[in-house]
Amino acid sequence: MSNLAVGTIGVILMVLLLVSKIPIGLVMALVGFAGFAYLVSPNAALEMMASTCYGTMADYGLTVIPLFILMGEFASNSGITKELYATSNKWMGHIPGGLAIATIWACAGFAAVCGSSVASAATMGTVTIPEMKKYCYAPPLRTACVVAGGTLGILVPPSVGFIIYGIITNTSIGKLFVAGIIPGILLASMFTIIIYAQVRINPSLAPEATAKVSFIKKLSSLKGSIDMLIVFIFVMGGLFVGFFTPTEAGAMGAFFTLALSLVRRRINFKGITKSLFSTASTTGMIFLITIGAMVFSRFLALSTLPTEVAKWVGNLSLSPVIILIIMLLMYLILGCILDTLAMILLTIPIFFPVITTLGFDQLWFGVLVVIMAEVGLITPPIGMNVYVIAGVAKDVPLGTIFKGSYPFALIMLGFVGLIIVFPSIATFLPAFMK
């Protein structure tokens, strides 16, 4: 049997095993190990597995993941998320659907100190959904806005998705972070517009707007959030001018978030311990998926499947943009069976050679991949963010949450088209970096 045939069978087998609900990291590692053992030898596969596990765990570049996750945990356990929400509500509560709009921007604010979409959705969901229920927001809107807002966690820097993409493709993580700033702000703005439009068309989705808060009170509400804004500007500004490496930025962000929480007496020993354990748990999950993907990628490389796919696509009599769109549409299919990190880790080794062959910008493509992976977070049957919010809002049926999420998914797909037409949305800011 040819190497190419073995690689193809390996991909099919992996998809079949995913249906059995075995953790994706273990599935990729198992199939990758078995395929490598068949193509070379069992001893070589064992050596490859050992070197991959050690190499991944010892990779200094990956230390950025637990540092930014820890930063988000400190922010969450110190009550900063509630302050972000209260501030957003004072600024936008008077607009029709204002509480839902405030939720979007609070999610964006939390994403700026978190880096994980699922964590953003889970944390903000526990804070915002009970409040919106209290004010009689319809179930589809009050859940879907958190589902959609949570997806900003993997786009607004720092982003675990960008970190993984940067490591696999040897792309500057700092530039990827900066590339996500403008798209993150624009996407949050588009979510705001779609919420406003929905409430205008169907007023039953939300109650009447609250009384407008005075400008003095709005400014006063910033006191609880201004310190985290300073931390974000300090961390991202240091990355932008080249003062920090991404790992150093994560360390400084986690340190200053903890320091602020201690100074303001918003976190105690129990909160610190909870943050550390939660960071360890999340990091372990991410590292397991990463190791599995690395093992599977080495098997794929040996099978020559990615190379052959790149050659085949390169020889198609289609325009580069059509080929790009076909690849991006694959994420809609994969989103039905895989989570975000698994999609990125599994597809990039195959797609990236094609992208470089076609001459596309790798920063631009990274932003497109992350947004398409976000769409997978809110589409059935997996929709990780939807399941997370279903666990928070136990009184809302899963189908209702998915139904409310469709307008946001369409907006995200339209936004991908906008970035394809105007690449400078993603590449403008990184061009100024040192």
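How many salt bridges does the count come to by the distance rule? The exercises below work this out. The model is predicted: local features need pLDDT of at least 70, side-chain atom pairs count only at pLDDT 80 or more, and totals for chains, interfaces and linings use all residues. Residues are numbered from 1 along each chain as its sequence is written, and side-chain values use heavy atoms, without hydrogens and water.

**Exercise 1.** Apply the rule and give the count.

Solution. Take a side-chain nitrogen of Lys or Arg within 4 Å of a carboxyl oxygen of Asp or Glu. The count comes to two salt bridges.

**Exercise 2.** Analyse the pair Lys133 and Asp395.

Solution. Step 1: their side chains form a salt bridge, 3.1 Å from N to O. Step 2: Lys133 sits in helix 7 (residues 117-134), and Asp395 in the loop between helix 20 (384-392) and helix 21 (398-421). Helices here are DSSP runs (H or I, at least four residues), numbered from the N terminus. Step 3: the two residues are 262 residues apart, so the pair links distant parts of the chain.

**Exercise 3.** Analyse the pair Asp395 and Arg142.

Solution. Step 1: the closest N and O atoms of this salt bridge are 3.2 Å apart. Step 2: Arg142 lies in helix 8 (residues 139-150), 253 residues from Asp395. Step 3: shared partners join Lys133, Arg142 and Asp395 into one network.

**Exercise 4.** Classify each residue by relative accessible area.

Solution. Buried means under 20%, exposed over 50%, partly exposed in between (1.4 Å probe, protein chains only).
- Arg142, at 6%, is buried.
- Lys133, at 44%, is partly exposed.
- Asp395, at 46%, is partly exposed.
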